[in-house]
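Reader: Could you take me on a close look at one part of this model, the open sheet and its surroundings? I would enjoy a connected account.

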Amino acid sequence: EMKKKIKAHEEKQSAKKSVDSGPKHAVPAFLMDRENVDRAKILSNTLKQKRKEKAGKWEVPIPKVKAMNEDEMFKVVKTGKRKSGQWKRLINKVSFVGENFTRKAPKYERFIRPMALRFKKAHVVHPELKT
């Protein structure tokens, strides 16, 4: 049973020549000597595999990353003349902002990111290269 499965898998992976049952459409003279080989399935599988490998390289090890609660990440900032507004939050942890980050006007800024805690480059460790 296992041998049958392996054989079937090998047949599926190998290049299959498409059999011409008759002239469905005219073939130009320069293509006459070429064999019609159907490699679409193999190609798509290899592309999918490469995509998976690329995605896997930069995956974050989920068990090592622990979730944080809001009290640990933010500090409530009271705003307004009487300090009655409590809708602003000051971020205490390092945050990634990206290359094209621009601050909103301080009056409308809900999350205040201090300059020292803004990172433009994410320091990601590559598991294979150890860099």
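Author: Happy to; here is a walk through the sheet, followed by a short look at the charged side chains.

First, some ground rules: this is a predicted model, in which local features need pLDDT of at least 70 and side-chain atom pairs count only at pLDDT 80 or more, while totals for chains, interfaces and linings use all residues. Residues are numbered from 1 along each chain as its sequence is written, and side-chain values use heavy atoms, with hydrogens and water left out.

For orientation, the protein has three helices and seven strands, where helices (H or I, at least four residues) and strands (E, at least two) are DSSP runs numbered from the N terminus. Read from the N terminus, the elements follow the order α-β-β-α-α-β-β-β-β-β.

Now to the sheet itself. Three strands make up an open sheet with the order β3-β4-β6, and its pairing is mixed. β3 and β6 are the edge strands, each pairing on one side only. Two strands count as paired if DSSP finds at least two bridges between them. In general, strands of a sheet pair through backbone hydrogen bonds, either parallel or antiparallel.

Take the antiparallel side to begin with. Strand β3 (residues 74–79) pairs with strand β4 (residues 85–91) over five bridges, in the antiparallel sense. You can follow the register through the partners in β4: Lys 75 is bridged to Leu 90, Val 77 to Lys 88, and Thr 79 to Gly 85.

These two strands, β3 and β4, form a hairpin with five residues between them. The turn holds Gly 80, with a positive phi of about 95°. Lys 83 also lies in the loop between β3 and β4, and has a positive phi of about 55° although it is not a glycine. That deserves a glance, since most residues other than glycine have a negative phi.

On the parallel side, β4 pairs with strand β6 (residues 111–112) over two bridges. Here Arg 89 stands opposite Phe 111 in β6.

Next, the charges. The structure holds one salt bridge, meaning a side-chain nitrogen of Lys or Arg within 4 Å of a carboxyl oxygen of Asp or Glu. Its partners are Arg 103 and Glu 109, whose side chains meet at 2.9 Å, N to O. Which of these is buried or exposed? Arg 103 is partly exposed, with a relative accessible area of 45%, whereas Glu 109 is buried at 6%. Buried means under 20% relative accessible area, exposed over 50%, and partly exposed in between (1.4 Å probe, protein chains only). Buried residues make up 9% of the 131 residues in the protein.

Finally, helix α2 (residues 40–57) is the place of Lys 41, a residue that is partly exposed, with a relative accessible area of 49%.
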